[in-house]
Amino acid sequence: MMGTTRHAIVIGAGITGLVCAFRLQQSGVPVILLEAADSAGGMIATFEKNGFLFEAGPQCPRFAQPLWDLVREIGLAAEFVRGDSRAPRYILKDGRLHVAPFSPFSFAFTGLVGPVSKYRLLTEVFRRSPAPRDEESLAEFVRRKFDGDVLDYLVDPFIAAIFAGDSEKIGIESAFPFLARWEREHGSLLRGALRSGNGNSASASRDKQPRQATRTRQKSLVVTESLPSLGSFRAGLSALPKTLARRLDDSIRLRARVQSVESAETREDRDTTWRLRLGDGEVLSGAALVMTTPAYEAARLLQKAAPELSTMLSDISYAPMAVVSSGYDRARVRNPLHGFGVMIPPREKLSTIFNVWNSSVLDGRAPAGKVLMTSFAGGATNPAFVEKDDASTAAIVEREMGAVLGIDGAPVERFVWKHLKALPQFNLGHARTVTRIRKALTGMPGLYLAGNYLDGRSLGDCVRSGSRTAQEIAANFSNATSNSGSSAMA
Ligand SMILES: Cc1cc2nc3c(=O)[nH]c(=O)nc-3n(C[C@H](O)[C@H](O)[C@H](O)COP(=O)(O)OP(=O)(O)OC[C@H]3O[C@@H](n4cnc5c(N)ncnc54)[C@H](O)[C@@H]3O)c2cc1C
């Protein structure tokens, strides 16, 4: 058990918990970070085999500003391997690959949707639609504003690939509040986008690097131009959690599964202490407790100590995902793999939803003469897929991608991972649930929640969530110290 000084306990050494603990350490707050697994990183995990670098989670993520700032601060910038943000993404339709359109010009010529859909897309700026009173699903929103083909071939592929989501369930206010706001305030998405000064999503508009790129083509709405840098590290993405874990040194405890959060006690000095029990029976307590586990695990841990909050957390649903990463001899793949990868709309009725061309986007992912690609399958539209065994999962995905990309024969190396609860879903009502969670937390001093189910699932969002929580704790600790200091002097 730690001594009696005020300290913070962080549960979970994924990127959110690592960043939170690192920032607390920087602020001079004593911290202990507890992780159930035998290594730090959570969803971020790299495996090296025979010259291939396999990633179990994010493959080549965007480095939004807070993430990039962190990379520089911990001395990892020299290890960064930049991916090409403008590498074409493809969408599969009727067995053929079409370049995903990111500009009005490419919309006009895409074979993904017909002339009526194009007309509706390109003239949206001249129409005004009233926003509905209740939250709509993303699918309802897109069908109301455009049509079913736009949903199937221009929206669903991204939703499946990026969120593992189901557009019939995703809530527009919960997942894309800026779209709902643009319609409410301007009656048109394009007018809203242009007036907001950046034809791009809220998260992209937070990034400094891309803004410089967009400034040269103001209001041109070329989305790939304004995407932040994609990338990874020479040794794979897990260089990030490994470096943070090293910086945390003795403050991180691996193989330390928290079994339950027992209670909050308020002492005479009005300081609340949170007590928790580890799997081996050890009891720890701290003046601040940060839970960065997935929502369902936070719900389980808080069942006794905060039953209402626990119920709200268990309302958050997750989508499963199977990840199959396959290395091939270059000569056996007919497709030149020039680009980022291919997204497969659910309407194409394949199990694979996204296939990333790792060795095309990043140097050093495969040995000479070989290529590495990673497929995602399952997701919210096909959750039963992850119940298959690894061999059947790989066989189905590799057969499908073999037909799409012209691959002759089996891979030379392969890894398969199953994430039964891969990504939180920002479904209808999610925004309301998060508001209720935040409200409940105001009545529980010293208890904090952070992670990808609150404000966004990207690594940049997680870094922001971890940093913000650390800042809040440091401010509360310093207020408490100055308050006790002033009363002592009085
Ligand atoms: C397949 C896949 C692809 C992705 N691709 C991208 C991408 O391209 N770009 C992007 O930005 N994001 C991507 N993401 C999302 C991103 O990886 C996650 O949102 C992020 O890594 C979540 O980090 P976290 O720290 O919040 O949670 P986690 O990584 O889930 O970490 C939580 C930690 O808590 C630990 N824990 C749980 N219970 C306990 C307990 N009782 N006691 C102690 N420890 C506990 C876990 O072991 C884990 O280490 C992807 C995710 C997946 C699954």
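These are my notes on the ligand site and the cavities of this structure, which is a predicted model.

**Ligand shell.** I started with the residues around the ligand. There are 31 of them, and T16, E35, E297, R457 and L459 are the closest. I then sorted the shell by class and got 16 nonpolar, 11 polar and 4 charged residues.

**Backbone contacts.** Next I looked for polar backbone atoms facing ligand oxygens. For R457, a polar backbone atom sits 2.6 Å from an oxygen atom of the ligand. M43 also has one, with 2.9 Å between its polar backbone atom and a ligand oxygen. At I15, a backbone N or O atom is 3.1 Å from an oxygen atom of the ligand.

**Coverage.** I also checked how much of the ligand is covered. On its own the ligand has 1,000 Å² of accessible area, and the protein covers 90% of that.

**Where the shell comes from.** I asked which elements give two or more residues to the shell. They are α1 (15-26), β18 (413-424) and α17 (459-489). Going up to domains, I found that domain 1 (8-43 + 238-316 + 427-489) and domain 2 (46-85 + 317-424) each supply at least three shell residues.

**Cavities.** Last, I turned to enclosed space in the protein. I count 2 cavities of 30 Å³ or more. I took a look at the second largest, which has a volume of about 50 Å³. Its lining is made up of F163, I170, A175, P424, Q425 and F426. By class, that lining splits into 5 nonpolar residues and 1 polar, with no charged ones.

Key:
Residues numbered from 1 in each chain as written. Predicted model: local features only at pLDDT ≥ 70, side-chain atom pairs only at ≥ 80, totals over all residues. Heavy atoms only, no water. Near = heavy atom within 4 Å. Polar contact = N/O pair within 3.5 Å; in protein donor to acceptor, adjacent residues only side chain to side chain. Areas by Shrake-Rupley, 256 points an atom, 1.4 Å probe, with all protein chains shown as cover. Helix = DSSP H or I, 4+ residues; strand = E, 2+ residues; numbered from the N terminus. Nonpolar A, V, L, I, M, F, W, Y, C, P; charged D, E, K, R; others polar. Domains from an automatic or database assignment. 1 Å grid on protein atoms, 1.4 Å probe; cavity = no way out; pocket = protein on both sides within 12 Å on 5 of 7 lines; lining within 4 Å. Points joined across faces, edges and corners; volume = space filled by probe spheres on them.
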